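Thanks for coming, everyone. Please bring the structure up on your screens, and I will walk you through it.

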Amino acid sequence: MRVHVGSEPGEIFHLTYCTNVHPGNGWSEVYANLQQYGPALKQRLAPDHAFGIGLRLSGKESRELLCGDRLQQLLQFLQAQGLYVFTLNGFPYGPFHQLPVKANVYRPDWLEDERVQYTLHLIEILAFLLPDGIEGSISTCPLSYKMFPRENGGDELAPAHWECMTYNIVRVAEVLVRLKQECGKSICLALEPEPDCLLENGDEVVQFYTDWLLTIGAKMLANALAISQDEAHAHLLEHIKVCLDTCHMAVAYEDPAAVLERFEHIGIKVGKVQLSSALKVTFPDDGSRRAEISRALAPFAESTYLHQVVQQNHDGTFQHYPDLVMPCASDCHMAQWRIHFHVPLFIPRFSCFQSTQDTILAMLKLLMQKRFCCHLEIETYTWNVLPDGLKTDLSSMIAREYAWVLRNLL
């Protein structure tokens with residue numbers, strides 16, 4: 001059994017980290033970050049093997065990279081430095097650092113043609129960069145954000161909206177099928193469930209596949225490719241997969257084994273696993289201790305990203321908060337909070353809190369047992385907004401995360 005951070009015959013996993021950790025706006029800044037960190041991390045972590053990169057490109061950066069000979073220059077740089085790109089983060093379309101992102105991270109959503117065009121640009125880029133014999137993956141947003149319809153005066157999306165999103169996903173699937181048939185490049189689009197989104201958990205993913213993608217969507221793809229609906233069904237399962245983020249699963253109180261079992265029942269495949277850890281807060285009965293915990297949470301309530309909270313009450317019910325607010329010390333019903341705040345993988349406990357490291361460990365165990373996915377991406381992107389006590393040298397933090405993952409994959 002072999003586990004490597006790079007590309008070598010006989011490996012089980014391609015393990016990388018997502019470059020969304022590096023602040024940058026525009027291709028020139030993204031490229032500068034790659035030049036600064038990529039070779040140094042390879043030398044530190046995989047001096048004798050090719051080193052995988054999980055590249056994050058915004059809509060603007062994807063367009064800039066496709067201009068002139070920039071893509072060829074990037075490939076030459078990667079090859080010269082012993083680096084390779086096998087996965088792209090196509091979730092955030094716009095800028096991701098140094099200014100408030102919040103719910104804009106879901107815009108444009110899969111109702112909009114701009115999301116389709118952005119994804120097609122990413123496919124073109126990855127197909128060019130992807131080494132022969134390696135499958136590629138592109139993670140994307142979970143269709144849309146549940147609050148968007150309410151912003152327009154409604155409670156939920158109409159069937160026509162679901163059909164539109166299905167059609168747009170099928171447009172991408174058609175390109176991916178033709179790419180494999182004509183060029184031999186196998187790439188999947190991986191929908192990434194996230195709290196408070198249309199695809200929030202495994203059950204909602206299954207419902208989308210059964211109600212829309214594998215029924216209405218299969219008919220659409222069959223017509224587009226002039227094939228049978230059964231063939232279209234198989235193509236959709238091959239090219240439209242799921243990105244499981246362990247932070248998101250923990251916030252949703254999901255058991256990875258149970259989610260995988262539901263997926264396997266209808267043939268849904270996992271295209272990428274993102275390894276990330278959430279904050280977990282267990283509330284004591286004592287009101288003064290709950291007030292102390294509330295004060296300790298204050299530094300995590302920052303203004304850049306959404307930090308959705310799911311509260312579990314003592315009676316087993318759940319309550320959702322769209323962003324991190326300070327808990328009410330007098331609320332005696334709350335038993336636990338899970339907070340969408342990506343904290344370092346290797347830290348199981350903080351001063352007043354825990355992490356959801358146990359969900360990551362459960363996922364790693366399943367990966368070794370079932371080998372259901374070979375793309376693993378470390379996705380702690382919040383280094384620059386962590387409280388000061390958790391910040392240190394970025395390269396060292398990334399290296400510690402790699403070491404922790406590899407130690408727990410053995």
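**A short tour: sheets, helices and spaces**

In the second largest cavity, the lining residues split into two nonpolar, six polar and two charged. Keep in mind that this is a predicted model. Let me stay with that cavity for a moment. Its space comes to about 100 Å³. Its lining consists of Thr19, Asn20, His22, Gly24, Val30, Asn33, Leu34, Arg56, Glu61 and His97. Which helix gives the most to this lining? That is helix α1, residues 27-45, with three residues.

Now the other cavities. How many of 30 Å³ or more does the structure hold? There are four. The largest has a volume of about 180 Å³. It is lined by 18 residues, and closest to the centre are Phe96, Val105, Glu194, His340 and Tyr381. The classes here are nine nonpolar, five polar and four charged. As background, empty space shows up when a probe the size of a water molecule is rolled over the atoms.

On to the sheets. One open sheet has eight strands, with parallel pairing. Read across it, and the order is β1-β13-β7-β6-β5-β4-β3-β2. At the edges stand β1 (14-17) and β2 (51-56), each paired on one side only. Neighbouring strands in this sheet are turned against each other by 30 degrees on average, ignoring direction.

Zoom in on one edge. β2 runs parallel to strand β3, residues 83-89, and six bridges join the two. Look for Gly54: Thr87 in β3 stands opposite.

Helices lie across this sheet. α8 crosses β5 and β6 (240-245), at about 30 degrees to β6. Helix α13, residues 394-409, lies across β1, β2, β7 and β13 (375-378). Its direction is about 155 degrees to β1.

There is also an open sheet of five strands, and here the pairing is antiparallel. The order is β10-β9-β11-β8-β12. Why is one side of β10 and of β12 left without a neighbour in the sheet? Because β10 (318-321) and β12 (354-355) stand at the edges, each with a single partner strand.

Further in, β8 (residues 277-282) runs antiparallel to β11 (residues 334-343), and five bridges join them. One pair to find on screen: Leu279 stands opposite Ile339 in β11. Helix α11, residues 287-297, lies across both β8 and β11. It runs at about 155 degrees to β8.

Next, a helix pair. Packed helices are described by the angle between their axes and the distance between the axes. For α10 and helix α12 (residues 357-370), the angle is about 45 degrees and the axes are 9 Å apart. The two helices are therefore oblique to each other. Who meets whom? From α10 come Pro256, Ala257, Leu260 and Glu264. They meet Thr359, Ala362, Met363, Leu366 and Lys370 in α12. By class, this contact has six nonpolar, one polar and two charged residues.

α10 also takes us to a pocket. It gives three residues to the lining of the second largest pocket, the largest share. That pocket has a volume of about 270 Å³. It is lined by 21 residues. Which lie nearest its centre? Glu135, Lys241, Val270, Gly271 and Phe372. The elements that give two or more residues to this lining are β4 (136-140), β5 (187-191), α8 (229-239), α10 (256-266) and β7 (270-275). Its classes are nine nonpolar, six polar and six charged.

Last stop: two backbone details. Most residues other than glycine have a negative phi, and most peptide bonds are trans. Now take Tyr253. Its phi is positive, about 55 degrees, and it is not a glycine. Tyr253 sits in the loop between α9 (246-251) and α10.

Then the peptide bond from Arg107 to Pro108. Is it cis or trans? It is cis, with omega near -15 degrees. Pro108 is found in the loop between β3 and α4 (113-129).

That is the tour. Thank you.

Technical notes: Residues numbered from 1 in each chain as written. Predicted model: local features only at pLDDT ≥ 70, side-chain atom pairs only at ≥ 80, totals over all residues. Heavy atoms only, no water. Pairing = 2+ DSSP bridges. Helix = DSSP H or I, 4+ residues; strand = E, 2+ residues; numbered from the N terminus. Contact = heavy atoms within 4.5 Å. Axes fitted to C-alpha atoms, helices over the stretch in contact; angles between N-to-C directions. 1 Å grid on protein atoms, 1.4 Å probe; cavity = no way out; pocket = protein on both sides within 12 Å on 5 of 7 lines; lining within 4 Å. Points joined across faces, edges and corners; volume = space filled by probe spheres on them. Nonpolar A, V, L, I, M, F, W, Y, C, P; charged D, E, K, R; others polar. Parallel < 35°, antiparallel > 145°, perpendicular 65-115°, else oblique.
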